[in-house]
Amino acid sequence: MGVSIVVFMVLHLSPGDPAEIMLGSAATKEDLARLRLEMGLTEPLHVQYVRWIGRVLHGDLGRSLWMKRPVLGEVLHRFKATLILAASALVLSTLGGMALGVLSATRPDSILDRTSMVASLFGASMPVFWLGIVLMVVFSLWLGWLPASGMWAPYGGGDLRDLVAHLVLPAVTLAAASMTIIARLTRSTMLEVLGQDYIRTARAKGLVEGRVVVRHGLKNALIPIVTVVGVQVGYLLGGAVLTETVFAWPGVGTLMVQGILARDFPLVQGCVLVVALGFVLVNLAVDLLYAYLDPRIRYD
Amino acid sequence: MRIGRLLLGLATLVLALGLFVGSPAAQAPGTLVVGLVAEPVNLDPAQVTDANSNRVGRRVVETLVAFPDESTQLIPGLAESWVISKDGLQYTFTLRKGISFHDGTPLNAEAVKFSIMRQIDPNHPANKLGNYPFANYFFGNVRTVEALSEDRVAFLLKEPRASFLAILTAPAASIVSPSAAMKLGKDYSSQPVGTGPFRFASWERGQRVVLERNPNYWRGPVKLDRVIFRPIVEDQARLTELLTGSLDLMVGVPADYVAQLEHNPKVSVLKQVGAHVWYLGINNQKKPFDDKRVRQALNYAVNKEAIVRDVLKDTGTPSAGPVLPKTWAADPALKPYPYDPARAKKLLAEAGFPNGFSTTMWVPESGSGMQSPVAMATVMQSNLKAVGVNVTLQTMEWGAFLAKLRSREQELFALSWMAGSEDPDMVMYPLLHSSQWTPNGPNRALYKNARFDALLEQGRQNTDQAKRAQLYREAQRILADDAPWVFTDHEIQTAALAKRVQGFKLHPSFDLRVETVSLK
């Protein structure tokens, strides 16, 4: 609700409306007035909002002002592509980040540790569009290993191989920053956990080092990591806007950018609503995961 | 430890999997893949205001009057001939016989009437099926359309308009299948049905629009089997796709890449000046710009050659006025203002500003036909500074910029116009006639000159092209002297194509005529 009001107001209060942009530099006063009337933009804002939210509660997000198509179908269709991208990036960043973090923590100050920390710093400070373009130039243009953009080959293709090939570059690009954050957090948490008494006890029992690190160490370090991973989901869904634009990935991000530039109010509101809903669901899932990881946490 | 390694192994596996499954797309014979700068939003040209939608939509539908493949002169399209009444108020068209829409509906006078009247008659059954933004702009002068017989249709005008045939080449004048438009309703705009060389096949949102050859095309079927249009917003991605063979053709090559591509053996680059003009508007009513000498000084102060060469990398040609050079109405004697800062200073001194003055320039960050607005404006800012005019640049987002221009508070502003036709009535009248002052119309420079107005009025009422050319040439000379804008450039469109693409030409109207293409 809060999100919907903010989005509605920000969009409607920003200068320039859909009629203006549709008519462009050829606009005349009459044409603007006629188009605004046709698109229902002449009513007071609160009336427009109440009408819109009323329809949303009935599951109707309206039609896009430009495309003339129902917003809900359009957004859900695109959201699938965004979910595939964000989920792949999440798996990559979580697995990659944790692996790097654990390795660094078990060999503090080794060459591996230092290299991975420098790489982390690099990864965290690289803008998505820059990294994306560099990866694209290297792996598509120079080496010719991977397709540069899109989700499927323009013709042929359509199978899992095709999808994975198109997914690699955007997923790695999107995952890079999250991976470094997770790696650094895993490292510091693991270092702390590995210094605990129960780790010493486990080692004293003669357990294999790998079992000590993973079963006794990593599991106890997971709570903060899961929290950060949950936050990263929001970042990945948001960051997907840029990544999708760079790689022409047909997700909700590219749709939203298109909608914002055209002031396609119903479309942008629909996109934000669906993404926000996705974020809320992920947070819920993270909360439930806490209880599983640490049996001391209970929700009554 | 083992599990830690396992995790690392998994991560690298995902990467490696991708690396080895990918291979550049094999090119299919008969299929042309075109890279667009943005996704089309709507494929009904009557509802469309953006270039990318038109580039796709216009392959499916056609107009009564058309352009040949290389110019914007007028030739018969779906109409084989026409008669203009003596008073210039009635245009009667005879349609070609035996043409059908892709859904089998015959092309007849009723279909023509439907296509136009749905836009201008609020009581028409199809009027509420879409917004027709340019209905009034193009057809505001049409009183009605009458079907005289199966193949004869008359347009009755409110007042004579010599550019009316040129108007009928506009996207909004496309003839659509009435049965399809009524059956599909609001969804017609995403699955258009026309008479064109290609018929609509599919549209996967965000990914591609596919058109297929119309085997019954009245001019004879085209050589391609299908065209796939892919939206790729990022310049580098579009370029990489072209160089790796996943695209056959891309339009709007970024200026910085043109030279690089021209030397690449895998692709060829095409250039074509378009019916476009980029100008720095001046508020002619506001001091100190109400003095002609000040406006002329600005024209002398700006180094157009340098802008075209260094900023646009020769994807523009300096302009002397709004009319496209080398077309019938252009005045060949008219030359662009030379770069002459000394003369600019002298004129400013004569106008009472020996030490210059300060002003603001509004610039959109991007926008349809705007080329590189901020970089171009920045060069102008430094050029003007050199003659003592201190300019503060205010950059704005396109929508906000357009809204602000209606305030009449502008001093200097960067803007452009794509007329889509070489008829001067379609550029000079809206942009410079005093009846079109913003907010009523697009004359945002608030320019007014009684003689100039009279010439434009005569020009739009007279149907004799030689006489019109004379009138418009005089109007252009007045304009050059009055200098209501800093005349800047006409865009040179660019396209890059794979070597297997044969027979493609860029069209001055910015249309993307892939129907001329064959693949090696």
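Q: Helix axes here are lines fitted to C-alpha atoms over the stretch in contact, and angles run from 0 to 180 degrees between N-to-C directions. In this predicted model, how are helix α10 (residues 209–247) and helix α12 (residues 265–293) of chain A oriented, roughly parallel or roughly antiparallel?
A: The two axes come within 10 Å and cross at roughly 170°. Angles over 145 degrees count as roughly antiparallel. The orientation of α10(A) to α12(A) is therefore roughly antiparallel.

Q: How many residues of the contact of α10(A) with α12(A) are charged?
A: The α10(A) side includes A:L222, A:V226, A:G230 and A:L237, and the α12(A) side includes A:V275, A:F279, A:N283 and A:Y290. By class, the contact has 12 nonpolar and 5 polar residues. The number of charged residues is none.

Q: Which strands stand at the edges of the open sheet of 4 strands in chain B?
A: The strand order in this sheet is β4-β5-β7-β6, with antiparallel pairing. Two strands have a single partner each, so one side of each lacks a neighbour in the sheet. These edge strands are β4 (79–84) and β6 (142–149) of chain B.

Q: By what angle are neighbouring strands of this sheet turned against each other on average?
A: The sheet in question is the open one in chain B with antiparallel pairing. With direction ignored, the average turn between neighbouring strands is 20°.

Q: Which residue of β5(B) stands opposite B:I84?
A: Strand β5 (residues 90–95) of chain B runs antiparallel to β4(B), and 5 bridges join them. Opposite B:I84 in β5(B) stands B:Y91.

Q: At about what angle does helix α3 (residues 109–120) of chain B run to β6(B)?
A: Helix α3(B) lies across three strands of chain B: β5, β6 and β7 (152–157). Relative to β6(B), the helix runs at about 165°.

Q: Which element gives the most residues to the side of chain B that touches chain A?
A: The contact takes 65 residues from chain B and 70 residues from chain A. Elements of chain B that each supply at least two residues include β1 (31–36), α7 (235–243), α13 (398–405) and α1 (2–21). With 13 residues, the element that gives the most is α1(B).

Q: How many residues on the side of chain B that touches chain A are nonpolar?
A: This side also has 21 polar and 10 charged residues. The nonpolar residues number 34.

Q: What ipTM does the model score?
A: For chain B, the average pLDDT is 92, and 95% of the residues score at least 70. The model has a pTM of 0.89 and an ipTM of 0.85.

Conventions:
Residues are numbered from 1 along each chain as its sequence is written. Chains are lettered from A and ligands numbered from 1 in the order in which they are written. This is a predicted model: local features need pLDDT of at least 70, side-chain atom pairs count only at pLDDT 80 or more; totals for chains, interfaces and linings use all residues. Two strands pair if DSSP finds at least two bridges between them. Two residues are in contact if their C-beta atoms, placed from the backbone, lie within 7 Å. Angles under 35 degrees count as roughly parallel, over 145 as roughly antiparallel, 65 to 115 as roughly perpendicular and the rest as oblique. Ala, Val, Leu, Ile, Met, Phe, Trp, Tyr, Cys and Pro count as nonpolar, Asp, Glu, Lys and Arg as charged, and the others, Gly among them, as polar. pLDDT is the predictor's confidence in each residue, from 0 to 100.
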